[in-house]
Amino acid sequence: MKKIRASVPAKVILFGEHFVVYGKQALAAAINRRLVVEASSGERSGYHVKIANIPTFGMEMDLVTGEEKARPYKDYDAAANAIAYVRESIRYLEEKYGIGGEGVEIEITSEIPLSAGLGSSAATCVATIAALKEYFGVNGDLDGIREDANRVEHRVQGAASPIDTAISTYGGYVLVEEGEVKRLHLAELNLIVGCIGSIPLSMATKEFSEMGLKTKKIVEQVKERKEVFKGIYDAIFDVSDEITAQAVTAIEENDFVKLGALMNINHGLLDAIGVVPRRLSELVKLSQELGALGAKVTGAGGLDEMGGVGSVVVLPGESGERLKGAMEIAGALVMDVKTGGEGLMMF
Ligand code: PMV
């Protein structure tokens, strides 16, 4: 039996989220939370997709007829949404490379919380595309996989910066500027990530479909405010660029005190552009008060009216265990993460 597995990492944006949408620099890193897509030959025709950590739903899709058959699971809408990235990856590969014609079972297992700004969507696209390209013997060079995955994200979301798919593909660190992706070789960092209200993969609820729009909504709000406060926002955006540049140097020089201070300043700018909801603000303040070297929102941030769902990243210094306990009491899902790990791995 043919069986291909593709494993890819989640990401954190360390500096420059939002500002990157307007061409400024952003620095992101892979973290040691992974998602695996397994493609194996099936006895049934068409594609059968199973997200292993979500036992309550599944979906069958026949590529020849395009027919989708929901199995009698609890919530078809949520299921369809959760695997929209898989479905669109398959469609895209079929159109571009003419793959298909045999039964394929696809199974996804993931350690990446959904809607947490940790890149679960991009990870799903990269791993699905890599596994299916290999399965059907299509040239699977990394740059091609990244581009394909980014196109699929665009199709599903309407917009997507290249950061997430770059990190899931290459691992390590990437610097994005003016839409260009540059891979950087920087040392590993030990960080803490705290997620508010992220949806564990064991749940599939209506909330998930709504959360999918969160990033888009926040990015649109920033755009509107940027138009109103043009000169002010331009200045803030230039400062962010300088922060990201200095942060790369701080990591190169192992200057963690400076790195933490830059995270705190970056967080202040994110607050200034209105993407920090109360609950994420509390996690950052708590971290700073308990002695973290630096703390900031990571990714799109959040909205109070959406329950403040989102994530923060913390450079803990000596404050690690105490800090994690306090963040948990504040309602966060807390993870120790290491940056800079392997990108796409096939096995
Ligand atoms: O939280 P995420 O993974 O959706 O990150 C969004 C990052 C933004 O800079 C806000 C948008 C983008 O496309 O870069």
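Reader: What makes the approach of A300 to an oxygen atom of the ligand a polar contact?

Author: A polar contact is a pair of N or O atoms within 3.5 Å. In this predicted model, a backbone N or O atom of A300 lies 2.8 Å from an oxygen atom of the ligand, so the pair meets that limit. Side-chain atom pairs count only at pLDDT 80 or more and local features need at least 70, while totals for chains, interfaces and linings use all residues. Residues are numbered from 1 along each chain as its sequence is written, and side-chain values use heavy atoms, without hydrogens and water.

Reader: Which part of S161 and which part of H18 approach the ligand?

Author: S161 uses its side chain, where an N or O atom is 2.8 Å from an oxygen atom of the ligand. H18 uses its backbone, with an N or O atom 2.9 Å from a ligand oxygen. The protein covers 86% of the 380 Å² of accessible area that the ligand has on its own (Shrake-Rupley method, 1.4 Å probe).

Reader: What is the shell around the ligand made of?

Author: A residue is near the ligand if one of its heavy atoms lies within 4 Å. Of the 13 residues around the ligand, those that come nearest are K11, H18, S161, T215 and A300. By class, the shell has 5 nonpolar, 5 polar and 3 charged residues, where Asp, Glu, Lys and Arg count as charged. At least two shell residues each come from β1 (3–15) and α7 (214–228). Helices are DSSP runs of H or I with at least four residues, and strands are runs of E with at least two, numbered from the N terminus.

Reader: How is the packing of α7 with α8 described?

Author: Two packed helices are described by the angle between their axes and the distance between the axes. The axes of α7 and α8 (residues 230–252) come within 5 Å and cross at roughly 120°; axes are lines fitted to C-alpha atoms, and angles run from 0 to 180 degrees between N-to-C directions. Contact means heavy atoms within 4.5 Å, and V222 and R225 are among the α7 residues that meet α8, where the partners include Y233 and F237. The residues of this contact divide into 4 nonpolar, no polar and 5 charged.

Reader: Why are β7 and β8 called paired?

Author: Two strands pair if DSSP finds at least two bridges between them. Because 5 bridges join β7 (residues 173–177) to the antiparallel β8 (residues 180–184), the condition is met. V174 stands opposite R183 in β8. The two strands form a hairpin with 2 residues between them, and E178 in the turn has a positive phi of about 50°.

Key: A polar contact is a pair of N or O atoms within 3.5 Å; within protein, one must be able to donate a hydrogen and the other to accept it, and residues adjacent in sequence count only if both atoms are side-chain atoms.
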